[in-house]
Structure formats: C-alpha cells, structure tokens
Amino acid sequence: MTPGARVQAAIEILDDILGGTPAEKALTGWARRSRFAGSKDRAAIRDHVFDALRHLRSYAAIGGARTGRGLMLGALRSQGQDPGDLFTGDRHAPDPVTADEVGRLFETEAEQFDVPEWLWPVFERSLGENATEAAAALQSRAPVHLRVNLARTSLQEAVDALTREGISTAPHPACETALEVVEGARKISQSQSYRDGLVELQDTASQAVVAALNLRPGMRVLDYCAGGGGKALAMAATGGVEVFAHDANPGRMRDLPDRAQRAGARITILSTDDLVKHDPFDVVLTDAPCSGSGSWRRAPAGKWALTPEQLTQLPKTQLSILDAAAPLVCDGGVLAYATCSMLDVENRGVIDTFLSSHPDWQCTFSRLWQVVHGTDGFYSAHLTRR
Ligand SMILES: C[S@@+](CC[C@H](N)C(=O)[O-])C[C@H]1O[C@@H](n2cnc3c(N)ncnc32)[C@H](O)[C@@H]1O
C-alpha cells in the first residue's frame, strides 16, 4: 500500500472507532476486509490509529474536525508535514484537502495535552507542576518492557538469548528485572526466549510494584485482584514464596495456568469462598480496578471513555476491596495497594480514607511511578497493623 492509502485506511478505521466500535475490533474488522494489506501495512496503519487516539483532542483542533479525516490531517500538520503530499486522491489516497478544512489554535491546555476538559483540574491537583509534562508523556507511544524470569535465567543470559533472536534490549533503571526492548519488539511473542518462559511482557512499573514488596523465602502471598496474573507471576519468580491468586471475576485468570507453566511457576488459584481456608497471608496485594490513567499510552481509548461518575465510583470500589482484603493479612503482614493510575483520588485519597476508618492500620510505604520516568504511571502503598 502507498503511504496515502495507509492514511485512508486509518481514516476509515478511526471513523469506525469514533462511531463506537472498540479500537481492536475496528482494526481487526478492517484487516479482515482488506486481505491485500501486508503485515507492514497493518502495523503502519495501527500506528496511525493509536497515535491519533492518543492525540484525539489536539489533532481534531489542528485538523479542523473530530473525524477520521480531521484527525489524520491534524496528525500530519502537527508533524510538520504538508497533508497535500498524501491527500492526493490518487491510488486509494484520501481526497485532496479542501479550503474549509482548516485547523485552529488550542483553546485550553487540556486540549493541547489531550486530556478531557473535566479531568484537567483533577490531573493538575494530582500532579501539580508536573501535570503538563505528565499529560505530554501520555501522548507518546509506550515502550515495550520485558520482565526477566529470574527463576529461570539471569538478566545477562536473557539479554544474550534475545539478542541471538534479533531482539535487542537495554536494562531499565526502575527495576532490576526489567528490560526495555530497543529493536525487534514484534518478534517477542514468537521468540524461543518468550516461549521458554525466560521473559514475560510486563511494564517496568508493574515489576517495581512487586519488587517493592521485598518478598522473602517462606512467605505466603496473595494476589487478590490477579486478573491475567502478571503480578502473581512476578511474585512467583521471586523464589521460595508460596503464591495464591484470586479475582472476583475468575474468568480473568483463565490464561494464568498456561502462563505459570511456561514460567515454571506454581500458583494456586483460589475462589472467593476458598480465601478463608487459606488465610492469613504475609502479603496481600490488591492491584485494584482503576481509571487506568497511568497506562493511557497503551490504551488511549480509556482516556476518552472515563466519566466523572466513574471517577467518583472507583475510589468506593477500591476502598471496598481494601476492606475485604485487610482481614486476610496476618499480624505483622502487609496489605499492599496498587493502581495503574496517577490520579490522587484513586491513590492517596483512598489510602487516607482507609486509614481514617481503620485507625489500627498505618502506611509504611507509598510511591508514585510516573510516565515521564519511562514507565507506566503506577501507585503503590503498603499498610500494616500498628
Ligand atoms: C487492574 S486489574 C488487575 C491486573 C493484574 N493484577 C495484572 O497484573 O495483570 C484489576 C482486577 O481486579 C478484579 N476485581 C474487581 N473487583 C474486585 C473485587 N471486589 N475483588 C477482587 N478482584 C476484583 C478485576 O476483575 C480485575 O481483574
């Protein structure tokens, strides 16, 4: 496909998404209808689409319309490219730009930095003077990070094995198990290193949340909101710890047995009814459902889908999870809270409310990982009984 035809494909897919189709479904639907597109075309189109979704407000302003066409015009203009070079109408390229397809200046900082207007004050309260920097970081594409499974290999052996398979990586400073993929990211899922469980795809901040738990041999640990089990697997790789996984929606853990087998990890899956048969635990990690604001680079649609009502409800859900998990922690044990959010109301706000209604608990650790430091945005706090 020509570059112009790829832009036209992105326009059609973006229109589909703006009409309410989830991004992945819109991309797969287009690929199914367009068998002529090769893998490089599909990858380039996907990049266009996700870039436009990360920049929905700013590209719509510069492009003159919140449509697939407006967004792609905005994308080219913001990259300093003349849209006329690709909007030629030739060979499946978009029709030429018309005189009324003009952009405009940004009206607000929220628009410039691609944050919903209602959310900007929340963003500013949470991140203070770093708000614009943090929002700008969310406009860029997320790097691919790997967790080296230290139960199977060493960091250097993993780097060497990946290099032999054409995947070059560099250690990430935020966690000693983490590698950032420099080249060859698309080869990972088919690589022997991945299939042998030497590495797992996981953002560095998620790894750092687990590393901060300082797990020691002999501990019994529960991943209370295990989902796909990324953190349970990271815990199991620590060695010598007994790992249990639970989720209110057990279907979310369906891939965990296969992932654990690949990693050589033993993880016991517990239903909600079984929890009391196995408690107390030395560490209970509650990686709670959240706005996902720290991972909006990867899932940009979430940024535009979040509503004020949801952001009011989420802290209530997060608190109820802490309330339910607290009795499962042994005396002297740690109740760890985590979100992939940078918003104070879901982080410190939740911990403060929990502590005010549980005076026998104290916070012994808290940290915010920020996108500007090269990871997903993540928050974690450790609570212990006094
Ligand atoms: C942020 S995701 C977990 C991600 C996962 N820990 C990982 O690292 O891949 C939050 C999970 O919490 C689960 N959840 C929601 N409400 C819950 C509750 N009341 N108790 C336990 N889990 C809950 C959801 O089903 C979802 O899988």
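**Exercise 1. Work out whether C340 is buried or exposed in this predicted model, and say where it sits.**

*Solution.* Start by counting. C340 has 26 C-beta neighbours inside 10 Å. Now bring in the cut-off: a residue is buried if 20 or more other C-beta atoms lie within 10 Å of its own. So C340, with its 26 neighbours, counts as buried.

Next, find its place on the chain. C340 is in the loop between β9 (329–339) and α17 (348–357).

Then look for its partners. If you skip the neighbours within four places in sequence, C340 is in contact with C290, G292, G294, S295, D376, G377 and F378.

Finally, check the record. An unreviewed UniProt entry lists C340 under "active site". An unreviewed UniProt entry also places "domain: SAM-dependent MTase RsmB/NOP-type" at residues 134–386. Trace residues 134–386 in the model and you get 31% helix and 25% strand, with the end C-alpha atoms 35 Å apart.

**Exercise 2. Do the same job for V243: which strand is V243 in, and what does V243 touch?**

*Solution.* First, the strand: V243 belongs to β6, residues 242–245.

Second, the burial. V243 counts as buried because 27 C-beta neighbours fall inside 10 Å.

Third, the contacts. Not counting residues up to four places away in sequence, V243 touches V221, D223, A232, M235, A236 and I267.

Last, try a distance. Pick V243 and G333, which are 90 residues apart along the chain, and you'll find 15 Å between their C-alpha atoms.

**Exercise 3. Find out how many residues of helix α5 are buried, and what they pack against.**

*Solution.* Helix α5 runs over residues 68–78, and 9 of its 11 residues are buried, so you can call the helix mostly covered. Go through them by name: G68, R69, G70, L71, M72, L73, G74, A75 and L76 are the buried ones.

Now see what covers them. The buried residues of α5 pack against three other helices, namely α1 (3–18), α3 (39–54) and α4 (56–63).

One more detail: α5 is followed by G80, and the phi of G80 is positive, near 75 degrees.

**Exercise 4. Decide how compact the protein is as a whole.**

*Solution.* Take stock of the parts: there are 17 helices and 11 strands. The radius of gyration is 23 Å, close to the 21 Å that the globule rule gives for 386 residues, so the protein is as compact as a globular protein of that length.

Add the outer dimensions. Along the principal axes, the C-alpha atoms fill a box of roughly 70 × 50 × 35 Å. Buried residues account for 45% of the 386.

Then check the contacts. Take those between residues at least 6 apart in sequence: 66% of them join residues at least 24 apart.

**Exercise 5. Split the protein into domains, then describe how domain 2 meets domain 3.**

*Solution.* The division gives domain 1 (3–105), domain 2 (145–201) and domain 3 (213–385). Over C-alpha atoms, the centres of domain 2 and domain 3 are 25 Å apart.

Count the meeting residues: 9 from domain 2 are in contact with 12 from domain 3. On the domain 2 side, those that touch domain 3 divide into 3 nonpolar, 3 polar and 3 charged.

**Exercise 6. Say which residues come nearest to the ligand.**

*Solution.* There are 15 residues around the ligand, and C225, G227, G230, A248 and D287 come nearest. Sort the shell by class and you have 6 nonpolar, 5 polar and 4 charged residues.

Definitions and conventions:
Residues numbered from 1 in each chain as written. Predicted model: local features only at pLDDT ≥ 70, side-chain atom pairs only at ≥ 80, totals over all residues. UniProt positions renumbered as here; feature names shortened; annotations may be inferred. Helix = DSSP H or I, 4+ residues; strand = E, 2+ residues; numbered from the N terminus. Buried ≥ 20, exposed ≤ 12 C-beta atoms within 10 Å, placed from the backbone. Contact = placed C-beta atoms within 7 Å. Rg over C-alpha atoms; globule rule 2.2 N^0.38 Å. Near = placed C-beta within 6 Å. Nonpolar A, V, L, I, M, F, W, Y, C, P; charged D, E, K, R; others polar. Domains from an automatic or database assignment.
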